[in-house]
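Trainee: I should be grateful for a close look at one part of this structure, namely its salt bridges and the residues that form them. Please set out the surroundings as well.

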Amino acid sequence: MNTPVDRWEHEEFEKLMNAKFETLQAEDKRLNERVKIMERQSEQIMDISLNMQKQTANIETLAKNMESICRIQEAEGKRLQELENNRIADDEIMSIIKKQDERLKAIETADFEKYKAARKQVRTTAIAAAVTAVVSAIVSAGITLAVTMVNLM
């Protein structure tokens, strides 16, 4: 087994080793790019998580505002009942009711618009998080498969 290697065998072996080395360098470069992509996706997921927390706080504020509106409506209902019981003139009742309706509509409209915007943002954020998680899982599986294939070589 101690036979010398001739020049041709040495050159062929060197070509083979250089080709394998270049392949490994290309694979290393490709895997580094994938790692960078995964890092960016992780940052995006963290941003989405923070946005979800902010949206949760907004929804809690909205719920408190809705409770306040309910209390106001109850108070206005009691006030209307008192007005009916006291038999105030129809014109006065109608003007009071119109004023109350305008106030309630203004309150409801403002809070309802906030609620719609918050709900839309939560929905968008949840969809983005789900899509990001699926893509992340697919990319992760691809990297695992690539690493396994490299290890098998």
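Mentor: What follows treats the salt bridges in turn, and then a surface patch and a buried serine.

The model is predicted. A search of the whole structure finds seven salt bridges, and three of them, those of Lys15, Lys36 and Glu76, are described here. Side chains of opposite charge can pair when their charged atoms come close.

One of these pairs joins Lys15 to Glu12, with 3.7 Å between the closest N and O atoms. Both residues belong to helix 1 and are three residues apart, about one turn of the helix. Lys15 counts as exposed because its relative accessibility is 53%, and the cut-off for that class is over 50%. Glu12 has a relative accessibility of 35% and therefore counts as partly exposed.

Another pair is that of Lys36 and Glu33, whose closest N and O atoms are also 3.7 Å apart. Here too the partners lie in helix 1, separated by three residues, about one turn of the helix. Lys36 is partly exposed, at a relative accessible area of 42%, and Glu33 is partly exposed as well, at 41%.

The pair of Glu76 and Arg79 has its closest N and O atoms 4.0 Å apart. These two residues are likewise in helix 1, with a spacing of three residues, about one turn of the helix. Glu76 has a relative accessibility of 10%, so this residue counts as buried, the limit being under 20%. Arg79, by contrast, is partly exposed, with a relative accessible area of 39%. Through salt bridges that share partners, Glu76, Arg79 and Arg103 are joined into one network.

Apart from the charged pairs, there is a nonpolar patch on the surface, formed by Phe13, Leu16 and Met17, which together have about 290 Å² of accessible area. Met17 is placed in helix 1, which spans residues 7–86. The relative accessible area of Met17 is 35%, so this residue is partly exposed.

Finally, Ser136 is found in helix 2, which spans residues 90–152. Ser136 is buried, because its relative accessible area is 16%, where the limit is under 20%. Leaving aside residues up to four places away in sequence, Ser136 touches Met38 and Gln41. Met38 and Ser136 are 98 residues apart in sequence, yet 7.1 Å separates their C-alpha atoms in space.

Conventions: Residues are numbered from 1 along each chain as its sequence is written. This is a predicted model: local features need pLDDT of at least 70, side-chain atom pairs count only at pLDDT 80 or more; totals for chains, interfaces and linings use all residues. Side-chain values use heavy atoms; hydrogens and water are left out. Helices (H or I, at least four residues) and strands (E, at least two) are DSSP runs, numbered from the N terminus. Buried means under 20% relative accessible area, exposed over 50%, partly exposed in between (1.4 Å probe, protein chains only). Contact means heavy atoms within 4.5 Å. Patches are made of residues with over 30% relative accessible area and no salt bridge: like charges are joined within 9 Å, nonpolar side chains (Val, Leu, Ile, Met, Phe, Trp, Tyr) within 5 Å. Accessible areas come from the Shrake-Rupley method with a 1.4 Å probe; for residues, only the protein chains shown count as cover. A salt bridge is a side-chain nitrogen of Lys or Arg within 4 Å of a carboxyl oxygen of Asp or Glu.
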